[in-house]
Amino acid sequence: MQKIVPNIWCQGNADEVGNFYAATFPDTSMEVSASYPETNLPDFQQALAGQPLVVDVTLSGYRIRLINAGGEFRPTPAISFILSMDPAAHGGEAATRANITSMWAALVDGGEVRMELGEYPHSKLYGWVEDRYGVNWQVMMTEPTPEPRPLVTPQFLFAGDAAQAQLAMDLYTGLFPGARTGVVVPHEGGNGAIVFAEFALAGQWFSAMDGGADHHFTFSPGISLEVDCADQEEIDTLWEALSAVPEAEQCGWLSDRFGVSWQIVPQNMGELMQRPGAYQRMLAMKKIVVADL
């Protein structure tokens with residue numbers, strides 16, 4: 001079971017976005033897993049009544065959740081998704097190039113290229129693009145590794161003068177049992193900054209890097225990380241360790257000291273929302289208290 005699920009904030013078009021990704025990426029499916037109640041919604045959600053609440057998109061077994069919401073937030077490049085394709089696992093180099101080129105063509109249609117698709121020191125074929133919905137993807141051909149990496153790896157890009165990637169990894173890996181670090185490439189300047197690093201939380205790989213002061217964006221609820229917790233004790237522990245911005249606390253959402261948005265929720269949230277009035281009670285909460293839903 002995937003414990004940490006990236007959530008993408010959509011502008012009332014989660015089903016459209018889901019269909020686009022299902023058509024763009026190989027071995028991908030989508031599923032509407034919940035809908036907004038038809039009645040008793042707050043005014044700001046009335047337009048979404050009866051529409052999908054969330055749409056789950058699964059890429060080669062990796063789940064990304066699309067939240068059907070309003071125009072309050074958008075994704076930023078601070079969290080992107082690396083799509084790693086090893087030719088040994090994808091039919092050889094020619095087939096892998098064809099797959100990457102096909103994905104790239106779809107993603108750049110209506111999107112914005114950040115790094116052109118081509119050969120780089122770290123990859124025979126790599127490109128970075130922001131798609132038409134504001135989500136950033138890094139597509140790349142990789143070399144075989146002793147421990148294969150998944151198709152999808154979320155990457156944190158920490159912008160600003162201070163080096164933060166290592167501090168964030170230390171915090172995150174200290175919270176999840178069995179967490180560990182992989183490759184870490186420090187900046188040559190010796191200032192504590194990281195060019196590239198990877199780490200695993202709950203058996204899932206993530207990446208981090210320090211981007212310096214040249215990037216004029218930061219993290220936002222446009223992409224959040226949903227953690228499905230086994231019980232109230234786990235919710236309480238993660239909430240206490242992560243929440244650093246009191247005004248960001250709402251409905252299980254929080255913002256940590258680095259600005260990253262998290263959703264700390266019970267793993268049976270969908271089942272709990274079926275209780276009469278549970279959705280309305282959840283809207284009044286900051287930290288989720290399962291017994292009060």
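# Exercises on a predicted model

Not counting residues up to four places away in sequence, Tyr21 touches Thr28, Val57, Leu66, Asp131, Tyr133, Val135 and Trp137. The structure is a predicted model, and the exercises below examine its cores, one helix, its salt bridges and some single residues.

## Exercise 1. The nonpolar cores

Determine which residues of the largest nonpolar core touch the most other members, and which helix gives the most to this core.

*Solution.*

Step 1. The largest nonpolar core holds 60 residues. Those touching the most other members are Tyr21, Leu66, Trp137, Phe156, Tyr172, Trp262 and Ile264.

Step 2. Helix 3, residues 165-173, gives the most to this core, with five residues.

Step 3. A second core, separate from the largest one, has 14 residues, among them Trp253, Leu272, Ala278 and Leu293.

Step 4. As a general background, nonpolar side chains in soluble globular proteins tend to be buried together.

## Exercise 2. The two faces of helix 4

Establish where the buried residues of helix 4 lie around its axis, and what they pack against.

*Solution.*

Step 1. The buried residues to consider in helix 4 include Ile235, Leu238, Trp239 and Leu242.

Step 2. Because these residues cover an arc of only 100° around the axis, they lie on the same side of helix 4. The general rule behind such a pattern is that an α-helix has 3.6 residues a turn, so residues three or four places apart point the same way.

Step 3. On the face turned away from the buried side, helix 4 carries the exposed residues Glu233 and Glu240.

Step 4. The packing partners of the buried residues are helix 3, strand 13, strand 14 and strand 15 (261-266).

Step 5. At the start of helix 4, the backbone nitrogen of Glu233 has a side-chain oxygen of Asp231 within 3.3 Å.

## Exercise 3. Salt bridges and their surroundings

Find how many salt bridges the whole structure contains, and which residues are joined into one network by shared partners.

*Solution.*

Step 1. A search of the whole structure gives 11 salt bridges.

Step 2. One of them joins the side chains of Arg65 and Asp56, with an N to O distance of 2.7 Å. Arg65 counts as buried because its relative accessibility is 15%, and Asp56 counts as buried at 8%.

Step 3. Another salt bridge is formed by the side chains of Asp228 and Arg63, at 3.9 Å from N to O. This pair links distant parts of the chain, 165 residues apart: Asp228 belongs to strand 13 (residues 223-229) and Arg63 to strand 4 (residues 62-68). Asp228 is buried, at 6% relative accessibility, and Arg63 is buried too, with a relative accessible area of 18%.

Step 4. The side chains of Arg114 and Glu130 also meet in a salt bridge, at 2.8 Å from N to O. Arg114 lies in strand 6 (residues 112-120) and Glu130 in strand 7 (residues 123-130), so the pair ties together parts that are 16 residues apart in sequence. Arg114 is partly exposed, at 36% relative accessible area, whereas Glu130 is buried, at 16%.

Step 5. Through shared partners, salt bridges join Asp56, Arg63, Arg65, Glu226 and Asp228 into one network.

## Exercise 4. The surroundings of Ser123

Decide whether Ser123 is buried or exposed, and identify which residues Ser123 contacts beyond its neighbours within four places in sequence.

*Solution.*

Step 1. Ser123 is found in strand 7.

Step 2. Ser123 is buried, because its relative accessible area of 5% falls under the 20% cut-off.

Step 3. Beyond its neighbours within four places in sequence, Ser123 is in contact with Gly118, Met140 and Met141.

Step 4. A polar atom of the Ser123 side chain lies 2.7 Å from the backbone oxygen of Met141.

## Exercise 5. Positive phi outside glycine

State where Ala202 and Cys251 lie, and classify each as buried or partly exposed.

*Solution.*

Step 1. The general expectation is that most residues other than glycine have a negative phi.

Step 2. Ala202, although not a glycine, has a positive phi of about 50°. Ala202 lies in the loop between strand 11 (194-201) and strand 12 (204-212). With a relative accessible area of 29%, Ala202 is partly exposed.

Step 3. Cys251 likewise has a positive phi, near 55°. The loop that holds Cys251 runs between helix 4 (232-242) and strand 14 (253-255). Cys251 is buried, with a relative accessible area of 12%.

Notes:
Residues are numbered from 1 along each chain as its sequence is written. This is a predicted model: local features need pLDDT of at least 70, side-chain atom pairs count only at pLDDT 80 or more; totals for chains, interfaces and linings use all residues. Side-chain values use heavy atoms; hydrogens and water are left out. A salt bridge is a side-chain nitrogen of Lys or Arg within 4 Å of a carboxyl oxygen of Asp or Glu. Buried means under 20% relative accessible area, exposed over 50%, partly exposed in between (1.4 Å probe, protein chains only). Helices (H or I, at least four residues) and strands (E, at least two) are DSSP runs, numbered from the N terminus. A polar contact is a pair of N or O atoms within 3.5 Å; within protein, one must be able to donate a hydrogen and the other to accept it, and residues adjacent in sequence count only if both atoms are side-chain atoms. Contact means heavy atoms within 4.5 Å. A nonpolar core is a set of buried Ala, Val, Leu, Ile, Met, Phe, Trp, Tyr and Cys residues joined through side-chain atoms within 4.5 Å. The arc is that of the directions from the helix axis to the C-beta atoms.
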